[in-house]
Amino acid sequence: MGEWPLVTFTLLVQSSVGIVILTALYFCWFEHEVGNQRATLVMKPALLTAAILGCLGLLSSTLHMGYPLNAFHALRHISSSWLSREIVFAALYLGALCLYTLFVLIKGHMNRTVLALIGILGLIDIFCMASLYFSSSMQTWMHSNTYFMFFGSVFAAGAAITLAVTAMKAKVIASPTLAYKLVASALVIIFLAIAIRLVVQPFYVEWLSDVLMTNNAITFPQTPISAYNEIFALRVIAWLISIAGILVLGYSMWKKRVAMLTAGMPLVLAGCAMIFIGEVLNRFAFFIVK
């Protein structure tokens, strides 16, 4: 299970960025309906979750480094190294997120613009992270599928976690209309994040097949399509769980339309959990190369 540090690092940081973006969106809606103070009270748990996940992801990143302190030497090559850029923007994002979370916890006041700016820093960090793996010598990562997988997790996992955390805090504050809006927006974002990645998969498989016939370079794995096929079952299970999560959220909207965050809460939480589990399995499938 040597993939655990990479899975944990990438997925937790990506989830953190997604939570910040969804927190900014949800905060706008709550602020308009109940005012800044109560909106901040509702969204503080989501912001704190984003900070905790980001820090845990950063800590887990040291587990796959032979000498973690050597990460500081990578900063010398920021003009040419995606690793250096990823370290810099990860530090900027997590530093800004943690400081702002501390400010919100102390002052009890949240600002949508600050949240949006922190989210943008996070998206830049994810782009650097994806470019780092895309630029590696691992053949199965050297495709735009890497970008789709990473950014897809930002919005799928981020939306699922934000909805789950916010729903438990907002059930006594949000009106039925706003509660429905929260679930509907998360469902649309998750659906698009998963659907787009599914559309990319046939092109990715075709590219892997072409690489086998045309590539003479020494890369790992030497037969990438075979490596992909060896964990095909894990990929299918991951996609099926994600789709099932979407269906459960959709069913909750249809069946519990007027009580989304009360009677419909078990369905909402179950759907969010299934979507996150699907993201975890998909990330294992991304990193496992037999």
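Let me begin with a pair of charged side chains: E31 forms a salt bridge with R112, and the closest N and O atoms of the two are 2.5 Å apart, where a salt bridge means a side-chain nitrogen of Lys or Arg within 4 Å of a carboxyl oxygen of Asp or Glu. E31 lies in helix α1 and R112 in helix α4, so this pair ties together parts that are 81 residues apart in sequence. R112 is partly exposed, with a relative accessible area of 40%; on this scale buried means under 20% relative accessible area, exposed means over 50%, and partly exposed is in between, with a 1.4 Å probe and protein chains only.

Before going on, I should say that this is a predicted model, in which local features need pLDDT of at least 70 and side-chain atom pairs count only at pLDDT 80 or more, while totals for chains, interfaces and linings use all residues. Residues are numbered from 1 along each chain as its sequence is written, and side-chain values use heavy atoms, with hydrogens and water left out.

How many salt bridges does a search of the whole structure find? The search finds two, and the other partner pair is R197 with E279, whose closest N and O atoms are 2.7 Å apart. Here R197 lies in helix α6 and E279 in helix α9, so the pair ties together parts that are 82 residues apart in sequence. R197 is buried, with a relative accessible area of 1%, and E279 is buried as well, also at 1%. As a general remark, side chains of opposite charge can pair when their charged atoms come close.

E279 also leads us to S242, a residue of helix α8. S242 touches I194, I275, G278 and E279, leaving out residues up to four places away in sequence, where contact means heavy atoms within 4.5 Å. S242 is buried, with a relative accessible area of 1%, and its C-alpha atom is separated by 7.6 Å from that of I277, which is 35 residues away along the chain.

Now to the overall picture. The secondary structure of the protein comes to nine helices and zero strands; helices (H or I, at least four residues) and strands (E, at least two) are DSSP runs, numbered from the N terminus. Of the 290 residues in the protein, 50% are buried. Among contacts with a separation of 6 or more, 80% are between residues 24 or more positions apart. The accessible surface comes to about 13300 Å², of which 72% belongs to carbon and sulfur atoms, the areas being obtained by the Shrake-Rupley method with a 1.4 Å probe and, for residues, with only the protein chains shown counting as cover.

Turning to the interior, the largest nonpolar core has 80 residues, and those with the most contacts inside it are Y26, F30, L163 and L261. Several helices each supply at least two residues of this core, including α1 (4-34), α5 (145-170), α6 (176-214) and α9 (265-287), and α1 gives the most, with 16 residues. A nonpolar core, in this usage, is a set of buried Ala, Val, Leu, Ile, Met, Phe, Trp, Tyr and Cys residues joined through side-chain atoms within 4.5 Å.

What does Y26 touch, not counting residues up to four places away in sequence? Its partners are M43, T162, L163, T166, L182, S185 and A186. S185, for its part, is found in helix α6 and is buried, with a relative accessible area of 14%; leaving aside neighbours within four places in sequence, S185 is in contact with Y26 and W29.

On the surface, L48, I52, L56, L59, L102, L105 and I106 form a nonpolar patch with about 660 Å² of accessible area together. Patches are made of residues with over 30% relative accessible area and no salt bridge, like charges being joined within 9 Å and nonpolar side chains (Val, Leu, Ile, Met, Phe, Trp, Tyr) within 5 Å. Helices α2 and α3 each supply at least two residues of this patch, and the largest share, four residues, comes from α2. L56 lies in helix α2 and counts as partly exposed, at 42% relative accessibility.

Finally, the cysteines. A search of the whole structure finds zero disulfides, a disulfide being a pair of cysteine sulfur atoms within 2.5 Å. The sulfur of C98 is 3.5 Å from the closest cysteine sulfur, in C55, which is too far for a bond. C98 counts as partly exposed, at 28% relative accessibility, whereas C128 counts as buried, at 3%.
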